[in-house]
Amino acid sequence: MTLTMADVPSDGSGRSRGPGPKGAGSREGQPTRRTFTSAYKLRIVGEYDALTEHGSRGALLRCEGLYQSHIDKWRRSRDRGALSVAGSAAVSSPAKAVPESAENRRLKADNARLVAELAKTRAVLEVMGKVSALLEVLSESADRE
């Protein structure tokens, strides 16, 4: 076993402090390992699988601070049936709807508005591309005359 300076008391006695009050081997000021609930795992795997645009899956992983290996492991657990949320109305019985928060409703409305705006922008860009091509053809025919 290797000791670090954090394991040695500052009084110089050389005696190890041993495990701290948080449990075996934990030291004050040291980061703790993150734990994820089953509901969180199921939600993230569902969101990840629903994403189709290029780069969106990586963006989700970066936003949540996760790795692809987390998703793979959680997906395997879900498929085995080992990952489930006991007593959760959202997962165990889809007929019972979970009440939506005002923030969630606002975000959904914003998302719908932005999707509609994106569709309009794409349509305008398509028309502008066609207009540009038409103007180029007209310009070439005018140069010939």
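1. A good place to start is Trp74: its relative accessibility is 4%, so Trp74 counts as buried. Please keep in mind that this is a predicted model.

2. Trp74 has an aromatic partner in Tyr40. The ring centres of Tyr40 and Trp74 lie 6.2 Å apart and the planes meet at 75 degrees, so this pair is edge-to-face. The pair joins distant parts of the chain, with Tyr40 in helix H1, Trp74 in helix H3 and the two positions 34 residues apart. Tyr40 has a relative accessibility of 17% and therefore counts as buried too; the cut-off is under 20%.

3. Searching the whole structure turns up three aromatic pairs. One of them is formed by Phe36 and Tyr40: with centres 5.4 Å apart and planes at 15 degrees, the pair is stacked. Phe36 has a relative accessible area of 22%, so Phe36 is partly exposed. Ring pairs thus tie Phe36, Tyr40 and Trp74 into a cluster.

4. Now to the core. Which residues form the largest nonpolar core? There are 11 of them: Tyr40, Leu42, Ile44, Val45 and Tyr48, then Leu60, Leu61, Leu66, Ile71, Trp74 and Leu83. At least two core residues come from each of helix H1 (38–50), helix H2 (56–64) and helix H3 (68–80). H1 makes the biggest contribution, giving five residues.

5. Tyr48, another member of that core, deserves a look in your viewer. Setting aside neighbours within four places in sequence, Tyr48 is in contact with Leu60, Leu61 and Ile71, and also with Arg57, Gln68 and Arg75.

6. At the surface, Val127, Val131, Leu134, Leu135 and Leu138 make a nonpolar patch of about 450 Å². Leu138 sits in helix H5, which covers residues 102–144. Is Leu138 buried, exposed or partly exposed? Its relative accessible area is 47%, so Leu138 is partly exposed.

7. Finally, the overall picture. The protein has five helices and zero strands, giving the pattern α-α-α-α-α along the sequence. Of its 145 residues, 12% count as buried. The protein exposes about 11,900 Å², and carbon and sulfur atoms supply 57% of that area. Among contacts with a separation of 6 or more, 43% are between residues 24 or more positions apart; the Tyr40 and Trp74 pair, 34 residues apart, is a handy example of a link between distant parts of the chain.

Technical notes:
Residues numbered from 1 in each chain as written. Predicted model: local features only at pLDDT ≥ 70, side-chain atom pairs only at ≥ 80, totals over all residues. Heavy atoms only, no water. Core = buried A, V, L, I, M, F, W, Y, C linked by side-chain atoms within 4.5 Å. Buried < 20%, exposed > 50% of the residue type's maximum accessible area, 1.4 Å probe, protein only. Helix = DSSP H or I, 4+ residues; strand = E, 2+ residues; numbered from the N terminus. Contact = heavy atoms within 4.5 Å. Patch = residues over 30% accessible without salt bridge, like charges linked within 9 Å, V, L, I, M, F, W, Y side chains within 5 Å. Areas by Shrake-Rupley, 256 points an atom, 1.4 Å probe, with all protein chains shown as cover. Salt bridge = Lys/Arg side-chain N within 4 Å of Asp/Glu carboxyl O. Phe/Tyr/Trp six-rings, centres within 6.5 Å; stacked < 30°, edge-to-face > 60°.
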